[in-house]
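Q: I would like a close look at a single part of this structure. Please describe it in one connected account, and then place it in the context of its surroundings.

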Amino acid sequence: MLINKPADLRPSEITDRRYFERRRELLKGGAAAAVGLAAPGLLALSPAAAAKIKFEQLKRSELSADEELTPYESVTSYNNFYEFSTDKKEPAELARNFKSRPWTITVEGEIGQPKTFDVDELIKLFPPEERIYRLRCVEAWSMVIPWVGFPLGNLIRSLAPTSRAKFVEFETLHDPERMPGQRPSLFGGSLEWPYREGLRIDEAMHPLTILAVGLYGEELPGQNGAPIRLVVPWKYGFKSIKSIVRIRLVEQQPVNTWQAQAPGEYGFFANVNPDVAHPRWSQARERRVGDFFKRPTLPFNGYADQVADLYRGMDPRKLY
Ligand SMILES: Nc1nc2c(c(=O)[nH]1)N[C@H]1C(S)=C(S)[C@@H](COP(=O)(O)O)O[C@H]1N2
Ligand SMILES: [Mo]
């Protein structure tokens with residue numbers, strides 16, 4: 001029997017341990033001064049070479065869920081990230097040394113001027129806050145994660161989209177040297193690269209939709225989509241594309257990776273819906289990672305009050 005598997009650790013233990021580790025790291029790096037001076041939401045860049053970026057004095061968003069957090073160890077050791085592995089345990093190890101800086105992200109298409117941002121410049125332009133959101137995978141597991149991020153809508157609005165900007169398309173880095181899951185294999189590749197996702201423009205502009213750059217107050221670990229990923233809390237997890245290098249505003253509805261891979265199983269909207277079963281399993285219940293019992297899945301992952309209006313008049317069968 002597995003007694004000390006990460007999912008069994010309680011959040012309080014994690015917090016204590018992480019706080020301690022953080023203290024130790026800071027003392028070692030002599031970074032206490034830099035951290036003390038950091039303004040809300042700004043980066044605290046530690047002089048220690050390998051030190052992680054911390055987000056100091058984060059404001060907590062009112063859009064946060066009021067639920068028990070999934071422990072850091074679980075959030076960072078049970079991941080779907082096919083660029084590293086199709087196994088959920090392996091990305092933690094394989095992405096541990098993923099080099100996520102320097103990193104640029106290009107926004108192009110139906111906007112005034114295409115623009116390429118350095119990710120840290122982007123974070124300075126749009127200071128992040130803490131947002132506690134649920135993430136629910138189609139495979140019926142879920143987590144509650146304190147993301148650090150900023151609304152995608154703020155970025156899009158600042159770039160003056162044209163009236164033809166009806167959808168937003170996202171692309172992950174394609175670099176088989178850094179992402180071993182992208183290397184051709186004898187068994188054929190797992191997916192078509194780069195990983196792509198899309199949102200309708202009103203979904204992209206919704207205040208719940210964020211670009212996340214951290215979790216638990218620190219920069220995103222490689223396995224969670226460093227250095228910048230989408231989080232769309234009312235949709236199945238595959239919509240929350242990781243390690244984004246390109247955002248394109250387009251007129252036509254884009255095709256996302258999973259839809260291209262298995263059109264009968266994954267759609268474009270992918271709103272969490274307990275009443276619509278995946279062709280191979282029910283979606284009515286989910287297991288919060290670390291829990292023993294399953295719990296009922298809520299329509300729109302519990303965000304129906306905020307987002308159901310976006311889909312008035314649409315056939316919920318198409319929302320898978
Ligand atoms: N680029 C990329 N993004 C991705 C994936 C992936 O394989 N590649 N997996 C998706 C799926 S299916 C889920 S459930 C979430 C998991 O995010 P997490 O590992 O941070 O919990 O990431 C999504 N984003
Ligand atoms: Mo997923």
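A: In this predicted model, a nitrogen atom of ligand 1 lies 2.9 Å from a backbone N or O atom of Ser240. Two side chains also approach the ligand through polar atoms. An N or O atom in the side chain of Glu83 is 2.8 Å from a nitrogen atom of ligand 1, and one in the side chain of Thr172 is 2.9 Å from a nitrogen atom of the ligand. Taken alone, ligand 1 would expose 540 Å², and the protein buries 99% of that area. The space that ligand 1 takes is the second largest pocket. Around the ligand there are 17 residues, and those that come nearest are Asn79, Tyr82, Glu83, Arg229 and Lys242.

Next in the chain after Lys242 comes a residue with an unusual backbone. Ser243 has a phi near 45 degrees, a positive value in a residue other than glycine. Most residues other than glycine have a negative phi. Ser243 belongs to the loop between strand S11 (229-231) and strand S12, and it counts as buried because its relative accessible area is 0%, where the limit for burial is under 20%.

Ile244 lies in strand S12, which covers residues 244-250. Ile244 is likewise buried, because its relative accessibility is 0%. Leaving aside residues up to four places away in sequence, the contacts of Ile244 include Thr172 and Arg229, and further partners among them are Trp103, Phe170, Glu171, Leu211, Ile228 and Leu230. Thr172 thus appears both among the contacts of Ile244 and in a polar contact with ligand 1; Arg229, for its part, is one of the residues that come nearest to the ligand. Ile244 and His174 are 70 residues apart in sequence, while their C-alpha atoms are 9.8 Å apart in space.

Contacts across long stretches of sequence also appear in the protein as a whole: among contacts between residues at least 6 apart, 69% join residues at least 24 apart. The protein has nine helices and 14 strands, and of its 320 residues 55% count as buried.

Other loops offer points of comparison for the backbone. Ala160, in the loop between helix H6 (152-158) and strand S7, has a positive phi of about 50 degrees although it is not a glycine. Ala160 counts as partly exposed because its relative accessibility is 47%. Two peptide bonds are cis: one joins Arg101 and Pro102, with omega about 0 degrees, and another joins Trp193 and Pro194, with omega about -5 degrees. Pro102 is in the loop between helix H4 (90-94) and strand S3 (104-109), whereas Pro194 is in the loop between strand S7 (167-172) and strand S8 (196-200).

Two further loop residues are buried. Thr70 sits between strand S2 (54-55) and helix H3 (72-75), and it is buried because its relative accessibility is 2%. A polar atom of the Thr70 side chain lies 2.8 Å from the backbone nitrogen of Val144, and the contacts of Thr70 also include Met143, Tyr216 and Arg288. His206 is in the loop between helix H7 (201-205) and strand S9 (210-215). At a relative accessible area of 11%, His206 is buried, and it touches Trp234, Gln306, Val307 and Leu310, not counting residues up to four places away in sequence.

Definitions and conventions. Residues are numbered from 1 along each chain as its sequence is written. Chains are lettered from A and ligands numbered from 1 in the order in which they are written. This is a predicted model: local features need pLDDT of at least 70, side-chain atom pairs count only at pLDDT 80 or more; totals for chains, interfaces and linings use all residues. Side-chain values use heavy atoms; hydrogens and water are left out. Helices (H or I, at least four residues) and strands (E, at least two) are DSSP runs, numbered from the N terminus. Buried means under 20% relative accessible area, exposed over 50%, partly exposed in between (1.4 Å probe, protein chains only). A polar contact is a pair of N or O atoms within 3.5 Å; within protein, one must be able to donate a hydrogen and the other to accept it, and residues adjacent in sequence count only if both atoms are side-chain atoms. Contact means heavy atoms within 4.5 Å. A residue is near a molecule or strand if one of its heavy atoms lies within 4 Å of it. Accessible areas come from the Shrake-Rupley method with a 1.4 Å probe; for residues, only the protein chains shown count as cover. On a 1 Å grid over the protein atoms alone, a cavity is a set of points where a 1.4 Å probe fits but cannot get out, and a pocket is an open set with protein on both sides within 12 Å along at least five of seven lines; lining residues have an atom within 4 Å of a point. A molecule sits in a cavity or pocket if more than half of its atoms lie within 2 Å of its grid points.
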